[in-house]
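Dear colleague,

I am passing on the structure below, together with some notes on what turned up in it. Please look through it before reading on.

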Amino acid sequence: MRRTVFNEDHEAFRETIRAFIEAEVVPVYDEWFAAGQAPRDFYYKLGELGIFGINVPEEFGGAGLETHKFEAVLYEETARAGVQFGGSGVHVLLALPYIKMLATDEQKKRYLPKFVTGEEMWAIAMTEPGTGSDLAGMKSTARLSEDGTHYVLNGAKTFITGGVHADRVIVCARTSAPTAEDRRHGISLFAVDTKSEGYSVGRKLDKLGLKTSDTAELAFVDVKVPVEDLLGEENKGFYYLGHNLASERWGIAFGAYAQAKAAVRFAKQYVQERT
Ligand SMILES: Cc1cc2nc3c(=O)[nH]c(=O)nc-3n(C[C@H](O)[C@H](O)[C@H](O)COP(=O)(O)OP(=O)(O)OC[C@H]3O[C@@H](n4cnc5c(N)ncnc54)[C@H](O)[C@@H]3O)c2cc1C
């Protein structure tokens, strides 16, 4: 059956990505695999290609589109070549929807131009050593300072994709205790600058798959987060997380489809080469 979902622009993008992978990724992929991550500089190349800006408004340096179709092509082409672009997938798939949905104009002006070029890579930190599926149970805290200029962030996160290379991480932390009626109340989101004092990256975790994706532990000890880096409203973080899960699930589902399709292609190739 012929697909009609992609148009000429998507197919031109496919050609560009295929050639880029051949030239820039395949020759060095074994090295990335062994290192357990893609090199940080590679993300600047993705920025130059325009991959990070597809869904970013033009006024902030992007192409101003609202579509998952180019990402879909990207998933298909990386799977087809048996490679991954490190942990960069979360930059666009996970972090960007939060910036677009929650950032003020002032924040967008600060964040998005560097987001598009790859100068600032983003990740998102929800999971904690004792809290995975049950996000309402998270223990990290962000306490507003007495003078109201910043929050003081303490806690730890784990399994954070892109955590080694990230320049900004959307950290979810408790700004107030849960209420008796609603234990999801009291979580807030912060765009934390990873160069802040007290912020540290722990182990890069070894995994069975996703070998070039830098998945890390993070720790925060009295990290000062300016109030200007609160994303959205205080205490409403859980609802923002719930809202954005749909697009994350789209990415996981489409990635699984693309890899299954590539596996069939690899199997056919294998058989053809031996008959
Ligand atoms: C490769 C990788 C990358 C990741 N990247 C990120 C990231 O970038 N940012 C981030 O914040 N997190 C990330 N995570 C963490 C991921 O979101 C968590 O692993 C996930 O939320 C599940 O949490 P857990 O591993 O603690 O499992 P648990 O919550 O302990 O769950 C274990 C099992 O129990 C089941 N279970 C749990 N609660 C219930 C219940 N009430 N009823 C029935 N069954 C239940 C679950 O379905 C699961 O099968 C990543 C994880 C991996 C493996």
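In which strand does phenylalanine 159 lie? Phenylalanine 159 lies in strand 3, and I begin there since several of the notes below come back to this residue. Please bear in mind throughout that this is a predicted model.

Phi of phenylalanine 159 is near 60°, which is a positive value in a residue other than glycine. Most residues other than glycine have a negative phi. With a relative accessible area of 56%, phenylalanine 159 is exposed, because that value is over the 50% cut-off. A polar backbone atom of phenylalanine 159 is also 2.8 Å from a nitrogen atom of the ligand.

The ligand, taken alone, exposes 970 Å², and the protein buries 41% of that area. Two further backbone contacts belong with the one from phenylalanine 159: a backbone N or O atom of isoleucine 124 lies 2.9 Å from a nitrogen atom of the ligand, while a backbone N or O atom of methionine 126 lies 2.7 Å from an oxygen atom of the ligand.

The residues that surround the ligand are Ile124, Ala125, Met126, Thr127, Gly132, Ser133, Phe159, Ile160, Thr161, Lys207 and Leu210. By class, this shell divides into six nonpolar residues, four polar ones and one charged one. Strand 1, which spans 122–125, and strand 3, which spans 150–161, each supply at least two residues of the shell, and the largest share, three residues, comes from strand 3.

A second residue with a positive phi is asparagine 235, whose phi is near 75° and which, again, is a residue other than glycine. Asparagine 235 lies in the loop between strand 8 (230–231) and helix 7 (237–273). At 13% relative accessibility, asparagine 235 counts as buried, because that value is under the 20% cut-off.

Another buried residue that you may wish to inspect is glutamine 107, which lies in helix 6, residues 105–117. Is glutamine 107 buried or exposed? Glutamine 107 counts as buried, since its relative accessibility is 2%. A polar atom of the side chain of glutamine 107 lies 2.7 Å from the backbone oxygen of glutamate 228. Leaving aside residues up to four places away in sequence, glutamine 107 touches Leu102, Leu112, Glu228, Asp229, Leu230 and Leu231.

As for the protein as a whole, its secondary structure comes to seven helices and eight strands. The radius of gyration is 20 Å, close to the 19 Å that the globule rule gives for 275 residues, so the protein is as compact as a globular protein of that length. Taken along the principal axes, the C-alpha atoms fill a box of roughly 70 × 40 × 35 Å.

Of the 275 residues, 48% count as buried, and the protein exposes about 14,000 Å², of which carbon and sulfur atoms supply 55%. Among contacts between residues at least 6 apart in sequence, 73% join residues at least 24 apart.

With best regards

Technical notes:
Residues numbered from 1 in each chain as written. Predicted model: local features only at pLDDT ≥ 70, side-chain atom pairs only at ≥ 80, totals over all residues. Heavy atoms only, no water. Near = heavy atom within 4 Å. Polar contact = N/O pair within 3.5 Å; in protein donor to acceptor, adjacent residues only side chain to side chain. Areas by Shrake-Rupley, 256 points an atom, 1.4 Å probe, with all protein chains shown as cover. Helix = DSSP H or I, 4+ residues; strand = E, 2+ residues; numbered from the N terminus. Nonpolar A, V, L, I, M, F, W, Y, C, P; charged D, E, K, R; others polar. Buried < 20%, exposed > 50% of the residue type's maximum accessible area, 1.4 Å probe, protein only. Contact = heavy atoms within 4.5 Å. Rg over C-alpha atoms; globule rule 2.2 N^0.38 Å.
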